[in-house]
Amino acid sequence: MKKASDITDGVLANDKGTGQIDKMQRSAYLNSKGIKPSAQFQLDLIFPDTIGDREGLRHIPNDYARSSIFTARNKREPRRTLMHEKLFHYNEHVSILYTGIELRAEDDEIVWLQILSYGKRVALGEPFEFSIKDLVADVGWHKNGRYYDKARECISRLKANEVLAINKKAYGKSGALSLIQNYTAINDENGKPTHYRVWIDPNLIVLFAGNTFTSHAWETYRDLSPVARRLADYIESHKHPFPLALAKFRDICGSNDTNPSSWRQTVKKACAEVQAAQIAKIAFLSDDDNIRVGND
């Protein structure tokens, strides 16, 4: 009869073996994209043409852009706490497993993209710094106590999560990571952080390798409504966007609007926004409840 300790050792050994296989698959994937797995991953150097000195752009991995990792739920609805929950993804071969407080397009998404921009000139895994005042200004919010607190809350949520992306056609498993790996802060006399030092997980590189990310014109993108922002994520992460079913887009947004008429009106407004912002030459909701986009 096996002892409990023998069974535990066997499970740990199996987990370790699986982890090694996952790591080897990620390394092989990076090599195939011309990125040395043992090197440091500095985004502006690896992608000089698309990230580099393109100060007017912010970048999001396609596997996140096409998922419900950043929801567009009604702001009056309390944020949910998720435990290893499989999020919706547009592509069937991609899965996102999420643990943590619900993240939203309204605030967490643009704060994260701005923080990634601060860190693009240092290697992933190395620290970089910014002030809460600069962050609030750079995401286009008013410089006052309310928005400083809002940004601090975003940073806390972005750290207090675990995201595991699984892409069967590419890197396999991204490894479980937090959108902010770690941070330290300098506080004011009231104990509120004013300056941050932040670390981003090096495993994030697999979501960028091969130019599998979307670049947004920042001043335009950050001013969109949350639903329009998620629509922009979908549109700009595809060279030629396919018609997007109304119900599927609701899933991408993580919306809890179950009233078909209400959701149609929301989507029509989002289409008008992305068209006015010139993200698409034309965007509209057709009679068969598909979002259709054209750039020709």
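This is a short talk on how the two domains of this protein meet, and on a few side-chain pairs in the structure.

Hi everyone, thanks for coming. Please keep in mind that we are looking at a predicted model.

Let's begin with the layout. Domain 1 covers residues 20-222, and domain 2 covers 224-295. Their C-alpha centres are 23 Å apart.

Now, how much area do domain 1 and domain 2 bury between them? The figure is about 2,000 Å², with 53% of it on carbon and sulfur atoms. On the domain 1 side, the residues that lose the most area to domain 2 are Ala72, Phe88 and Tyr90, and together they make up 30% of what that side buries. If you prefer to count contacts, 25 residues of domain 1 touch 22 residues of domain 2.

On to the polar side of this interface. Between the two domains there are 12 residue pairs in polar contact, with both residues at pLDDT 80 or more. Which elements of domain 1 give two or more residues to the side that touches domain 2? They are helix 4 (62-65), strand 2 (70-71), helix 5 (105-118), strand 11 (213-217) and helix 9 (218-221). Helix 5 gives the most, with 4 residues. By residue type, that side of domain 1 divides into 10 nonpolar, 9 polar and 6 charged.

What about salt bridges between the domains? The count there is 1. For the charge-minded among you, Arg230 and Glu109 form a salt bridge through their side chains, at 3.9 Å from N to O. The cut-off for a salt bridge is 4 Å, so this pair falls within it.

Let me widen the view to the whole structure, which holds 22 salt bridges. One of them joins Lys150 to Glu106, with the closest N and O atoms 3.2 Å apart. Lys150 sits in helix 7 (residues 145-159) and Glu106 in helix 5, so this pair links parts that are 44 residues apart in sequence.

Last topic: aromatic rings. A pair of rings is described by the distance of the centres and the angle of the planes. The structure has 12 aromatic pairs. Take Phe47 and Phe213: the ring centres are 5.0 Å apart and the planes stand at 70 degrees, so the pair is edge-to-face. Phe47 is in the loop between helix 2 (43-46) and helix 3 (48-52), while Phe213 is in strand 11, so the pair ties together parts 166 residues apart in sequence.

That's my tour, and I'm happy to take questions.

Key. Residues are numbered from 1 along each chain as its sequence is written. Side-chain values use heavy atoms; hydrogens and water are left out. Domain bounds come from an automatic or database domain assignment. Contact means heavy atoms within 4.5 Å. Buried area is the accessible area (1.4 Å probe) that two parts lose on being put together, summed over both. A polar contact is a pair of N or O atoms within 3.5 Å; within protein, one must be able to donate a hydrogen and the other to accept it, and residues adjacent in sequence count only if both atoms are side-chain atoms. Ala, Val, Leu, Ile, Met, Phe, Trp, Tyr, Cys and Pro count as nonpolar, Asp, Glu, Lys and Arg as charged, and the others, Gly among them, as polar. Rings of Phe, Tyr and Trp (its six-membered ring) pair if their centres lie within 6.5 Å; planes under 30 degrees apart count as stacked, over 60 as edge-to-face and the rest as tilted.
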